[in-house]
Amino acid sequence: IGAAANIILDPIFIFVFHMGVKGAARATVISQALSALWTVGFLVGKRSSLTIKKEALKPDFSVIGRVMALGVSPFIMRATESLISIVLNSGLQRYGGDIYVGSLTIMQSVMQMYTAPLGGFTQGVQPIISYNFGAGNFDRVKKLYRSMIGICFLFSAGATALVIVFPAFFAGMFTNDPGLVELVGEMMPIFMCGMLVFGLQQGIQPVFLALGQAKLSLFIAVFRKVVLLVPLALILPLKFGVMGIYYAEPVSDFISAATATTLFLVNIKKIVSRETLENIV
């Protein structure tokens, strides 16, 4: 509902009412409001197997605390995106100039073209893993997380390989400036190569969340962006100039994916056990 409304309202507000960027923003807000209203309407109606009732809305801080603990990891992942954008863009502006800032915008947009669908996929699988884990269906849990990690890895690696082979084509989707297309064509294979293996982390992190391992998931989120990417984006340009900014992304991707995989292999057998389940419950 939200997506369909946004697609319909965007051209109306932007082109028919000549509202430009303001129109796009208003279309987004209206679309999100419609989606929220439909969701609330469903949850208070008879079609939902779990109906929201007034008597159930009394705050239970023990439950709220557990929910917040699991929500900290995805919250930090999204919040730190702003920090990363500031560091990378300011570095590119300092060592390169506007055209380099433009190249980063294009490459991050291309990256979102396939990381966003993966995020939706993992969010959809995550509650299924949690449900089966809570029910003690460990064989099904193992099949689910193996499939999810495998799909994330193969999809991310395949999409990244396509982008690396045809960088100018994807750059042309966002600009017709020959200089910018050429720069993106040179930098995209460098900037994106770490995504060849980063699908492993994209699959592993939500598995930890689904199994109630908020601390491990939080560590992985903070490690890549705050511990690795931001310092590398500040240090590498001192030696490599503007290229240091582009090197920071793949270096952090490779290291964090390897770290996430190691943590997963070391801890997964202990996590998927009756003892761990009893402690969480």
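# Chat on a predicted model

Reader: Let me start with Arg 224 and Glu 249: are they buried or exposed?
Author: Both Arg 224 and Glu 249 are buried, and I should add at once that this is a predicted model.

Reader: And what do Arg 224 and Glu 249 form with each other?
Author: Arg 224 and Glu 249 form a salt bridge, in which the closest N and O atoms are 2.7 Å apart. Because Arg 224 lies in helix α9 and Glu 249 in helix α10 (residues 242–271), the pair ties together parts that are 25 residues apart in sequence.

Reader: Which other side chain meets Arg 224 in a salt bridge?
Author: That is Asp 253, whose side chain meets Arg 224 with an N to O distance of 2.8 Å. Asp 253 is in helix α10 and Arg 224 in helix α9, so that pair, at 29 residues apart, links distant parts of the chain. Salt bridges with shared partners thus join Arg 224, Glu 249 and Asp 253 into one network.

Reader: Is Asp 253 buried or exposed?
Author: Asp 253 is buried, and Arg 224 is buried too.

Reader: How many salt bridges does a search of the whole structure find?
Author: The search finds three salt bridges in the whole structure. One that I have not yet described is between Lys 225 and Glu 81, where the closest N and O atoms are 2.5 Å apart. This pair also links distant parts of the chain, with Lys 225 in helix α9 (residues 214–240) and Glu 81 in helix α3 (residues 61–95), 144 residues apart.

Reader: Why does Lys 225 count as buried, and why does Glu 81 count as partly exposed?
Author: Lys 225 counts as buried because its relative accessible area is 3%, under the 20% limit for that class. Glu 81 counts as partly exposed because its relative accessibility is 39%, which lies between 20% and 50%.

Reader: Stepping back, what does the secondary structure come to?
Author: The protein has 11 helices and zero strands. Along its principal axes, the C-alpha trace spans about 60 × 55 × 30 Å.

Reader: How many of the contacts in the protein come from residues 24 or more positions apart?
Author: Such residues account for 72% of the contacts, when the count is limited to contacts with a separation of 6 or more.

Reader: What about burial, and what is exposed overall?
Author: Of the 281 residues of the protein, 39% count as buried. The protein exposes about 15,900 Å², and carbon and sulfur atoms supply 69% of that area.

Reader: Where are the charges, on average?
Author: There are 21 positive and 13 negative charges in the protein, and their mean positions are 12 Å apart.

Reader: Now the surface: which residues form a nonpolar patch?
Author: The patch is formed by Met 113, Leu 162, Val 165, Phe 166, Phe 169, Met 173 and Phe 174, which together have about 720 Å² of accessible area. Among them, Phe 169 sits in helix α6 (residues 167–171), and Phe 169 is exposed, with a relative accessible area of 56%.

Reader: Back inside helix α9, what does Ser 217 touch?
Author: Leaving out residues up to four places away in sequence, Ser 217 touches Ser 73, Gln 205, Phe 208 and Leu 209. Ser 217 counts as buried, at 0% relative accessibility.

Reader: And Thr 115, where is that?
Author: Thr 115 lies in helix α4 (residues 98–134), and, with residues up to four places away in sequence not counted, Thr 115 touches Met 195 and Gln 202. Thr 115 and Val 72 are 43 residues apart in sequence, and their C-alpha atoms are 20 Å apart in space.

Reader: Turning to the loops, where does His 18 lie, and what is its phi?
Author: His 18 lies in the loop between α1 (2–16) and α2 (20–44), and the phi of His 18 is near 55°, a positive value in a residue other than glycine. For context, most residues other than glycine have a negative phi. His 18 is exposed, with a relative accessible area of 66%.

Reader: Is Gly 136 buried or exposed?
Author: Gly 136 is buried, with a relative accessible area of 10%, and Gly 136 lies in the loop between α4 and α5 (138–165). Apart from its neighbours within four places in sequence, Gly 136 is in contact with Arg 274 and Leu 277.

Terms used: Residues are numbered from 1 along each chain as its sequence is written. This is a predicted model: local features need pLDDT of at least 70, side-chain atom pairs count only at pLDDT 80 or more; totals for chains, interfaces and linings use all residues. Side-chain values use heavy atoms; hydrogens and water are left out. Patches are made of residues with over 30% relative accessible area and no salt bridge: like charges are joined within 9 Å, nonpolar side chains (Val, Leu, Ile, Met, Phe, Trp, Tyr) within 5 Å. Accessible areas come from the Shrake-Rupley method with a 1.4 Å probe; for residues, only the protein chains shown count as cover. A salt bridge is a side-chain nitrogen of Lys or Arg within 4 Å of a carboxyl oxygen of Asp or Glu. Helices (H or I, at least four residues) and strands (E, at least two) are DSSP runs, numbered from the N terminus. Buried means under 20% relative accessible area, exposed over 50%, partly exposed in between (1.4 Å probe, protein chains only). Contact means heavy atoms within 4.5 Å. Lys and Arg count as positive and Asp and Glu as negative; His and the chain ends are not counted. The place of a charge is taken as NZ of Lys, CZ of Arg, CG of Asp or CD of Glu.
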